[in-house]
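Let us take a friendly walk through this structure, one feature at a time. How do its helices pack, and what surrounds one of its pockets?

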Amino acid sequence: MNFKGKSLLITGGTGSLGKALTTHILFKYPEIRRLIIFSRDEQKQFVMAQEFPINEFPQIRFFIGDVRDKSRLARAFKGVDYVIHAAAMKHVHLAEYNPEECIKTNIGGAQNVVDACFSTNVERVVALSTDKACAPINLYGATKLTSDKLFVAANNIKGDSPIRFSVVRYGNVMGSNGSVIPFFINKKKEGSLPITDPNMTRFNISLQGGVDMVMYALENAWGGEIYIPKIPSYRIMDVAKAIGPDCKKPIVGIRPGEKVHEEMITTSDSYYTYDLGRYYAILPATHKWTTDDFITTFKAKKVAENFSYNSGENDVWETVESLRSLIKEHVDSNFEA
Ligand SMILES: NC(=O)c1ccc[n+]([C@@H]2O[C@H](COP(=O)([O-])OP(=O)(O)OC[C@H]3O[C@@H](n4cnc5c(N)ncnc54)[C@H](OP(=O)(O)O)[C@@H]3O)[C@@H](O)[C@H]2O)c1
């Protein structure tokens with residue numbers, strides 16, 4: 001990716017993914033002109049500004065703003081070439097309890113990002129999605145599916161603009177804010193790890209895996225793709241065994257809006273899904289480029305009809321041992337089972 005003379009803005013730049021992206025880009029592409037962090041909470045920005053001091057990272061800027069505020073977004077996007085849209089409300093149970101708030105941020109915010117891009121000169125946009133957006137059963141997933149639709153459809157109304165919107169969809173990010181692994185590590189002190197459902201499985205990706213995918217989409221998207229990584233699954237019981245082998249593991253019951261297994265590609269999506277090697281891409285139903293050119297350029301292979309990608313039916317699994325070494329590598333270097 002050539003960032004020379006380019007400006008990139010990350011909505012939700014103080015979050016888990018935003019910070020990992022910031023580190024990746026500032027160290028790998030120091031030639032970038034500007035990297036702008038856009039988010040609401042001044043305290044998180046204050047703390048992040050100490051981690052990325054301007055004398056060491058003269059490219060970084062912090063911009064307070066809410067994705068619900070379209071005019072603020074348009075101001076922030078002036079002179080920006082690339083946008084990564086990571087800001088979201090992402091906690092399933094909080095979205096169930098506060099539906100209006102989730103809709104305002106995840107759907108209204110997505111539409112505002114699209115509109116602000118059209119009113120400025122942004123060239124590329126990558127929006128973050130989640131496995132919960134696939135055949136959603138909770139509001140968080142439903143709002144992210146709507147957001148995905150808004151970004152995919154934005155390519156249809158771009159006219160002569162060179163802008164390309166794409167989406168990156170993945171599963172649980174190991175160790176990210178509010179995720180199960182830091183929760184269990186903390187709970188271990190009490191000698192008990194609550195299990196919602198012993199059969200539960202999840203897809204697992206590292207923060208760096210998420211960063212790599214966003215960078216891939218930023219560089220390669222033609223517009224309208226939903227990218228999905230090929231990643232392992234884990235069983236929640238194996239995560240509990242890896243962290244607290246001697247802890248009690250009471251079954252507390254599935255929470256509102258939770259699935260036992262997550263899905264990233266449904267059988268209905270299979271008609272539009274291509275295997276790119278490291279990733280799958282669900283192509284948009286309508287697009288201005290030709291599918292044959294896409295297939296040739298990316299050596300893409302159509303998946304079988306009725307193919308689906310489900311965390312419970314995955315071919316690749318983390319084990320108790322592999323989870324322990326991943327936790328040590330990605331979450332807590334002092335971790336001991
Ligand atoms: N973590 C996962 O396991 C996972 C898995 C799949 C997909 N994703 C998706 O990846 C994206 C990033 O997730 P993450 O784990 O980095 O989340 P995170 O750590 O919770 O960070 C969320 C970021 O969004 C900002 N934000 C929230 N509401 C905002 C608003 N109204 N206006 C502006 N900024 C706002 C937050 O800052 P302020 O609160 O200061 O505004 C924060 O910087 C999300 O879109 C999420 O849906 C995450």
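What follows looks at three pairs of helices and then at a pocket.

Please keep in mind that this is a predicted model. Two packed helices are described by the angle between their axes and the distance between the axes, so those two values are a good place to begin with each pair.

Start with helix α1 (residues 16-28) and helix α8 (residues 207-220), whose axes cross at roughly 70 degrees and come within 9 Å. That angle makes α1 roughly perpendicular to α8, because angles of 65 to 115 degrees count as roughly perpendicular. The crossing of α1 past α8 is right-handed. On the α1 side, the contact is made by S16, L17, A20, L21, H24 and I25, and on the α8 side by L207, Q208, G210, V211, D212, V214 and M215. By kind, the residues of this contact between α1 and α8 are eight nonpolar, four polar and one charged.

Next, find helix α7 (residues 180-187), which packs with α9. Their axes come within 10 Å and cross at roughly 40 degrees, so α7 and α9 are oblique to each other. The crossing of α7 and α9 is right-handed. Here V180, I181, F184 and I185 of α7 meet I236, V239, A240 and I243 of α9. What kinds of residues make up the contact of α7 with α9? Eight are nonpolar, with no polar and no charged residues in the contact of α7 with α9.

Helix α9 (residues 236-243) also packs with helix α11 (residues 320-330), at an angle of about 65 degrees and with the axes 9 Å apart. In this pair too, α9 passes α11 in a right-handed crossing. From α9 come D238, V239, K241, A242 and I243, which meet V320, L323, R324 and I327 of α11. The contact of α9 with α11 has six nonpolar residues, no polar ones and three charged ones. Two residues of α9, V239 and I243, thus appear in the contact with α7 and in the contact with α11.

Finally, turn from the helix pairs to open space. Rolling a probe the size of a water molecule over the atoms shows where empty space is left. The second largest pocket holds about 390 Å³ of space. It is lined by 22 residues, and the closest to its centre are K149, I226, D269, I282 and L283. Which helix gives the most to the lining of the second largest pocket? Helix α6 (residues 139-154) does, with five residues. The lining of this pocket is made up of 13 nonpolar, five polar and four charged residues.

Technical notes
Residues are numbered from 1 along each chain as its sequence is written. This is a predicted model: local features need pLDDT of at least 70, side-chain atom pairs count only at pLDDT 80 or more; totals for chains, interfaces and linings use all residues. Side-chain values use heavy atoms; hydrogens and water are left out. On a 1 Å grid over the protein atoms alone, a cavity is a set of points where a 1.4 Å probe fits but cannot get out, and a pocket is an open set with protein on both sides within 12 Å along at least five of seven lines; lining residues have an atom within 4 Å of a point. Grid points are joined across faces, edges and corners, and a volume is the space filled by probe spheres set on the points. Helices (H or I, at least four residues) and strands (E, at least two) are DSSP runs, numbered from the N terminus. Ala, Val, Leu, Ile, Met, Phe, Trp, Tyr, Cys and Pro count as nonpolar, Asp, Glu, Lys and Arg as charged, and the others, Gly among them, as polar. Axes are lines fitted to C-alpha atoms, for helices over the stretch in contact, and angles run from 0 to 180 degrees between N-to-C directions. A crossing is left-handed if the near helix is turned anticlockwise from the far one by less than a right angle, and right-handed if clockwise. Contact means heavy atoms within 4.5 Å. Angles under 35 degrees count as roughly parallel, over 145 as roughly antiparallel, 65 to 115 as roughly perpendicular and the rest as oblique.
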